[in-house]
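Student: I've got a new structure open and I'd like to know what the labels on it rest on. Can we go through a few of them together?

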Amino acid sequence: MSSGDIKGFYRQKKKNSGVTKPSSSSSSSKKSKSKHYTGGASVGAPSAAQTPALVTRGGAIDLKEEYGDEEEALRQFDMDMKYGPCIGFGRLERWERAAAMGLHPPPHVREVLVGLASGSTARSSKFKCLWEGLV
Amino acid sequence: MADSEMGEATLERKLAVYRNLDERFVIREEKYKGQQFSHIYFMRLHHMRSQLQSLIPKWKPHLPVNTVLGLEEGKECIIVGTLYKHMKLKPSILDEYSKERSAIPLVKPHNFMSTDDHLILEDESGRVKLAGPMLAPSAFVTGIVIAVHGKETSEGDFFVEDFLEAGLAPQVDRPLDSREDKFVAFVSGLSVGTNAFNPLQFQLLVDHVTGHLGDENEQRISSKIVQLVIAGNSMHISHGFFSGQTVAPKDHAKLTEPIRELDIFLTQLVAALPVDIMPGCNDPANYSLPQQPLHRCLFAGASAYNTFVSCTNPHHFELDNVQFVGTSGQNIDDLYKYSDAKDKIEFMERTLRWRHLAPTAPNTLGCYPYVDKDPFLIESCPHVYFVGNQEKYETRLLQGPDKQLVRLISIPRFCETGVAVMLNLRNLECHALSFSTNL
């Protein structure tokens, strides 16, 4: 395995998109560490290469920093066990079901989802639950 | 209601007001979007838990109700959840991949119980193993929701001191003002198309029910039959045809003959009285519960009559305000495989006490992955509960703690026994009709 070929071997999906890392100190130290790391499976792999598992939802890179408070609220709604399992079920339908059962799901979640319905289709990924396509 | 003119007596058949309540079993707008069965279990737990929570204060008012995750060691409390019965002998698809295939002995085909079975209670937060002599695993199956009172032991099990099942659901009062006898006839397991089917025997039944047999007295009895219910397995399509391969032209007859023969009989019946026909496990209907009604195109002759009603399995209907609920047998047969009782009627009683028609669905009984409901939950206790395709005719009148009264009927397979069942709507009394061609 010649290290010279590795960069071409691993297809780089994203080199540097407009993502800013707020916790720059810890991540930059991780970056510098990986550059010096000379053993293991990731030898030679550039630190910015993305593994396919993180690429979901129609090509959008699923990094923690990319979503905002809206997505955070939607994910919290997904994870809340009180409203039942979320897999294989659209978020809006799950909200409607929870409301029909009398569980009083948070109304702002519905507002976000309904507001997205009128938005562009690029946001359609927000209607699917957190684990869509991953499980 | 007979004309008593000499030599010209016309008997008129009695009528009863029929209402079909199968709506919740019909699959209409449901679309499969990749959902799993966790949703149906969630709906079941949520619904049954709210019912149990209204009963717990009358049962043990002084104890707190916890979630499984909130259990503290040694603290006495009540938890509500779904039961899971771990069975060593239950066939698992993973057994094919197990290297120790020989470790699992050849099991009796009709029962998978073993002495090692144990029960686990599960809710949204977690699961806990149930210990103690109060809950005998042989009487329970996976999928029922109960409340248990006890405390967590040091080993992490929950030692059960007492348990609460939901019990019989509240029942709408049966109308008591009817003074005339009206009968409902039940038959199941006709199995047209097999060698066991005796056309003469079934023709005897048809002739009796339609009033073509016997003298005036017997015809008078037949005129009081207001409804016939055929509870599944009316025909038997050889399972070899289900392999997915194209059927050779010479075999076409084997596929269509049973259906045509049944249609001829059914046409005679529907011309005389209302008939409800339910699908069973051998009928050309879908496999998983709830089975959808047999298609009208199968019954070219009978479907022309408005007395012909093709129903779902399970089937729920109302006749003169008397509530009937029944299945073609798959729910009770599945309970028989995974638990023990002294007779089939006891299994039926248990399903009523658990308020669920088919608790083992979807675990071991095929069922549609509903997302927003569990249609097998029994919200109101029926007056008549029937199950088809059983070994023998059995019946019992079950009395509930809240003045509920249910007639339980186990309908035997007609092709084997020649027995149909007659129920009197006036007093819920039941008797058997036996037809034999052996002289």
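Tutor: Sure. Let's begin with pairing: two strands pair if DSSP finds at least two bridges between them. Keep in mind that this is a predicted model.

Student: What makes S13(B) and S14(B) a pair?

Tutor: Set the count against that cut-off of at least two bridges. Four bridges join S13(B) to S14(B), residues 384-390, so by the definition they pair, and they run parallel. One of the bridges puts Val325(B) opposite Tyr385(B) in S14(B).

Student: And how do you know that S12(B) pairs with S13(B)?

Tutor: By the bridges again: S12(B), residues 315-319, shares five with S13(B), in the antiparallel sense. Glu318(B), for instance, stands opposite Gln323(B). The two strands form a hairpin with two residues between them, and Asp320(B) in the turn has a positive phi of about 50°.

Student: Why is S13(B) called largely enclosed?

Tutor: Buried means under 20% relative accessible area. Six of the six residues in S13(B), 322-327, are buried, so the strand is largely enclosed by the rest of the structure.

Student: Which residues of S13(B) point which way?

Tutor: In a regular strand, side chains alternate between the two faces of the sheet. Here Val322(B), Phe324(B) and Gly326(B) point one way, while Gln323(B), Val325(B) and Thr327(B) point the other way, and all are buried.

Student: What makes Cys367(B) buried?

Tutor: Its relative accessible area is 5%, and the cut-off is under 20%, so Cys367(B) counts as buried. This residue lies in the loop between H6(B) and S14(B).

Student: Which residues does Cys367(B) contact, beyond its neighbours within four places in sequence?

Tutor: Among them are Phe37(B), Ile40(B), Ser288(B) and Phe376(B). The C-alpha atoms of Cys367(B) and Tyr287(B) are separated by 8.3 Å, though the two are 80 residues apart along the chain.

Student: Now the whole chain. Why is chain B called as compact as a globular protein of that length?

Tutor: First, its make-up: chain B has seven helices and 18 strands. Its radius of gyration is 24 Å, close to the 22 Å that the globule rule gives for 439 residues, so the description fits. Its C-alpha atoms fill a box of roughly 85 × 60 × 45 Å along the principal axes.

Student: How much of chain B is buried?

Tutor: Buried residues make up 51% of the 439 residues. As for contacts with a separation of 6 or more, 73% are between residues 24 or more positions apart.

Terms used:
Residues are numbered from 1 along each chain as its sequence is written. Chains are lettered from A and ligands numbered from 1 in the order in which they are written. This is a predicted model: local features need pLDDT of at least 70, side-chain atom pairs count only at pLDDT 80 or more; totals for chains, interfaces and linings use all residues. Side-chain values use heavy atoms; hydrogens and water are left out. The radius of gyration is taken over C-alpha atoms; the globule rule is 2.2 Å times the number of residues to the power 0.38. Buried means under 20% relative accessible area, exposed over 50%, partly exposed in between (1.4 Å probe, protein chains only). Contact means heavy atoms within 4.5 Å.
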